[in-house]
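Here is a short walk through one small part of the protein world, written for someone meeting this structure for the first time. Have a look at the model, then read on.

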Amino acid sequence: MHLFNIPDMTCGHCAAAVERAAKAIDPHAEVTVDLEAKTASIDSEVGSDTFIVAIKDAGYHASSKNSCCGSFA
């Protein structure tokens with residue numbers, strides 16, 4: 001599970017764009033966007049750096065908030 005801060009999400013369109021960016025990387029990922037908290041959690045085997053790049057390419061600043069559930073390679 002990856003958790004990202006996305007401070008410049010301000011509306012439903014932003015949240016949908018972040019979700020689309022994550023799903024473009026891993027169509028099977030479970031993506032939950034919390035617009036109020038300005039975070040996104042992504043359950044995927046793909047590394048967090050890959051999602052950060054995809055979210056940035058979609059136009060939003062993203063940083064890893066933390067990782068849980070074991071270590072990732």
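Let's start at S48, which sits in helix 2. With a relative accessible area of 18%, S48 is buried, since the cut-off for that word is under 20%. Setting aside residues up to four places away in sequence, S48 touches H2 and F4. Keep F4 in mind, as that name comes back below.

Before going further, a word on what you are looking at. This is a predicted model, and the average pLDDT of the protein is 90, with 89% of the residues scoring at least 70. Confidence is highest in helix 1, at 97. The low end is strand 4 (residues 63–67), where the mean is 77.

**The overall layout**

There are two helices and four strands in the protein. Going along the sequence, you meet them in the pattern β-α-β-β-α-β. The chain also brings far-off parts of itself together: among contacts between residues at least 6 apart in sequence, 66% join residues at least 24 apart. Of the 73 residues, 34% count as buried. As for the outside, the accessible surface comes to about 4,200 Å², and carbon and sulfur atoms account for 51% of that.

**Helix 2 and its two sides**

Back to where we began. S48 has company on the inside of helix 2: the buried residues there are S48, F51, I52, A54 and I55. Looking down the axis of helix 2, you would find these buried residues within an arc of 165 degrees, so they line one face of the helix. What does the face turned away from the buried side carry? That face of helix 2 has the exposed residues D49 and D57. After the helix comes G59, with a positive phi near 105 degrees.

**The core**

In soluble globular proteins, nonpolar side chains tend to be buried together. Here, the largest nonpolar core has 16 residues, and the ones with the most contacts inside it are F4, I6, V18, I42, I55 and Y60. Helix 1 (12–25), strand 3 (39–43) and helix 2 (48–57) each supply at least two residues of this core. Which of the elements gives the most? That would be helix 1, with four residues.

I6 is a good one to zoom in on. Leaving out residues up to four places away in sequence, I6 touches V18, K38, A40, I55, Y60, H61 and A62. Among these partners, V18, I55 and Y60 are also on the list of residues with the most contacts inside the core.

**A few residues up close**

Is A22, in helix 1, buried or exposed? It counts as buried, at 1% relative accessibility. A22 is in contact with V31, I42 and F51, once neighbours within four places in sequence are left aside. A22 and I42 are 20 residues apart along the chain, yet their C-alpha atoms are separated by 7.7 Å.

K23 is also found in helix 1, but K23 is partly exposed. Apart from residues up to four places away in sequence, K23 touches A29 and V31. Its C-alpha atom is separated by 9.7 Å from that of A54, 31 residues further apart along the chain.

Over in strand 3 you'll find T39, and T39 is buried. Not counting residues up to four places away in sequence, T39 touches L3, F4, N5, M9, T32, V33, D34 and K65.

Here is how some of these residues compare, along with two cysteines that come up next:

| Residue | Relative accessible area | Class |
|---|---|---|
| A22 | 1% | buried |
| C14 | 7% | buried |
| T39 | 9% | buried |
| K23 | 29% | partly exposed |
| C11 | 31% | partly exposed |

**The cysteines**

How many disulfides does the structure hold? Zero. Why do C11 and C14 not form one? The closest cysteine sulfur to that of C11 is in C14, 3.5 Å away, which is too far for a bond, because a disulfide needs the two sulfur atoms within 2.5 Å. The two cysteines also sit in unlike surroundings: C11 is partly exposed, whereas C14 is buried.

Terms used
Residues are numbered from 1 along each chain as its sequence is written. This is a predicted model: local features need pLDDT of at least 70, side-chain atom pairs count only at pLDDT 80 or more; totals for chains, interfaces and linings use all residues. Side-chain values use heavy atoms; hydrogens and water are left out. A nonpolar core is a set of buried Ala, Val, Leu, Ile, Met, Phe, Trp, Tyr and Cys residues joined through side-chain atoms within 4.5 Å. Buried means under 20% relative accessible area, exposed over 50%, partly exposed in between (1.4 Å probe, protein chains only). Contact means heavy atoms within 4.5 Å. The arc is that of the directions from the helix axis to the C-beta atoms. pLDDT is the predictor's confidence in each residue, from 0 to 100. Accessible areas come from the Shrake-Rupley method with a 1.4 Å probe; for residues, only the protein chains shown count as cover.
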